[in-house]
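Subject: Structure handover

Hello,

Here is the structure I said I would pass on. Please look at it alongside the notes underneath.

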Amino acid sequence: MLPAQFLSWEYENIVDDIQQSGANPSMAVDAQGNLHISAWQQEFNQLTYSIRHKATGQWQHEILDPEHETGYKSAIVVDSLGKVHIAYFQKNGSQAFLKYATNASGSWTYESLLPGEPLGGYGPNLDFPVYAQASVSISLQKNGQPFVSVFDASVNGEGTCYGNLPIYVNYDLKLRATARMPDGSWQTMNLPAVPFTDNPSCLLSGDRHGEFCKSVRDKLGRMYILTN
């Protein structure tokens, strides 16, 4: 038999807003049972942080990084001290740039990760669909510091097309990670390329196809990244 909690589900609105709010949300729960959610809010095209207090069942909302258009994709994690860590994308034109927000100091602070490096498209109104945009994940290292993975999936080189005849081409797609060190610096890693084999279409240099990645840590501290 299923435990009782699997037999009855309840739904509640977190943010009442116009269509598409809540795109690409992420959720974490802390040791006290409070829910923490990062999500995009369409009305402002900004990253919204929401917390549902277990004791009261009430939601509290904040717009983060209010000076920029942000958060169409984000990922959230809560550490053992109850501090929130969010990796998210900032909009600059049609490009996405990786940023990090945390309230570990008692107030929200923001950092640019991989500064100056565009990571594919941002938002819903692009020439290519959502699934072709870069993706982001965040988890905690054994020392409690954040670990961010990004499946940018930009192609190395260009394919060749001959009229309407399909040419099957192999590509290497970019998967990267950046880890915060105990001294507060970030160490960036270019991970082994993700093979994209027997592709029948002609990708151009800079095309993206990074719809999903997820990083997790086991009890020994080893990091794993899942991607498609």
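The notes below go from the overall fold to single residues.

Please keep in mind that this is a predicted model.

Overall make-up

The protein has 15 strands and zero helices. Of its 228 residues, 41% count as buried. Taking the contacts with a separation of 6 or more, 51% are between residues 24 or more positions apart.

The open sheet

Four strands make an open sheet in the order β1-β2-β3-β4, and the pairing is antiparallel. The edges are β1 (23-29) and β4; each has a single partner strand, so one side of each has no neighbour in the sheet. On average, and with direction ignored, neighbouring strands here are turned by 20° against each other. Strand β3 (residues 46-52) runs antiparallel to β4 and is joined to it by six bridges. One bridge to look up is that of Leu47, whose partner in β4 is Leu64.

Met27 sits in the edge strand β1. Its relative accessible area is 54%, which is over the 50% cut-off, so Met27 is exposed. Leaving aside neighbours within four places in sequence, Met27 is in contact with Leu35, His36, Ile37 and Ile76. Met27 and Val77 are 50 residues apart along the chain, yet their C-alpha atoms are separated by 7.5 Å.

Nonpolar cores

The largest nonpolar core has 21 residues. Those with the most contacts inside this core are Phe89, Leu98, Leu119, Val136, Ile138 and Val148. Two or more residues come from each of β5, β6 (84-92), β7, β9 (135-140) and β10 (146-155). A second core, separate from that one, has 12 residues, including Leu47, Ile51, Ile76 and Val78. Two residues of this second core have come up already: Leu47 as the bridge partner of Leu64, and Ile76 as a contact of Met27.

Phe151 is in strand β10. At 0% relative accessibility, Phe151 counts as buried. The C-alpha atoms of Phe151 and Leu119 are 8.7 Å apart, with the two positions 32 residues apart in sequence numbering.

Aromatic pairs

There are four aromatic pairs in the structure. How is the pair of Tyr100 and Trp186 arranged? The ring centres are 5.1 Å apart and the planes stand at 70°, so the pair is edge-to-face; the cut-off for that class is over 60 degrees. This pair links distant parts of the chain, since Tyr100 belongs to strand β7 (residues 95-102) and Trp186 to strand β12 (residues 186-190), 86 residues apart. Both partners are under the 20% limit for buried residues: Tyr100 has a relative accessibility of 1%, and Trp186 has 19%. Elsewhere, Trp40, Tyr72 and Tyr122 form one aromatic cluster.

His85

Tyr100 is also a polar partner of His85: their side chains are joined by a contact of 2.6 Å. His85 is found in strand β6 and is buried, with a relative accessible area of 4%. Not counting residues up to four places away in sequence, His85 touches Ala75, Ile76, Val77, Asp79, Tyr100, Ala101, Thr102, Ile138, Leu140 and Pro146. Among these, Ile138 is one of the residues with the most contacts in the largest core, while Ile76 belongs to the second core.

Asp65

Asp65 lies in the loop between β4 (59-64) and β5 (70-78). Is Asp65 buried or exposed? Its relative accessible area is 4%, so Asp65 counts as buried. Its side chain makes a polar contact of 2.9 Å with the side chain of His68. Another polar contact, of 2.8 Å, goes from the Asp65 side chain to that of Lys99. Not counting residues up to four places away in sequence, Asp65 touches Gln46, Thr70, Tyr88, Gln90, Lys99 and Tyr110.

Regards

Key: Residues numbered from 1 in each chain as written. Predicted model: local features only at pLDDT ≥ 70, side-chain atom pairs only at ≥ 80, totals over all residues. Heavy atoms only, no water. Phe/Tyr/Trp six-rings, centres within 6.5 Å; stacked < 30°, edge-to-face > 60°. Buried < 20%, exposed > 50% of the residue type's maximum accessible area, 1.4 Å probe, protein only. Polar contact = N/O pair within 3.5 Å; in protein donor to acceptor, adjacent residues only side chain to side chain. Contact = heavy atoms within 4.5 Å. Core = buried A, V, L, I, M, F, W, Y, C linked by side-chain atoms within 4.5 Å. Pairing = 2+ DSSP bridges. Axes fitted to C-alpha atoms, helices over the stretch in contact; angles between N-to-C directions.
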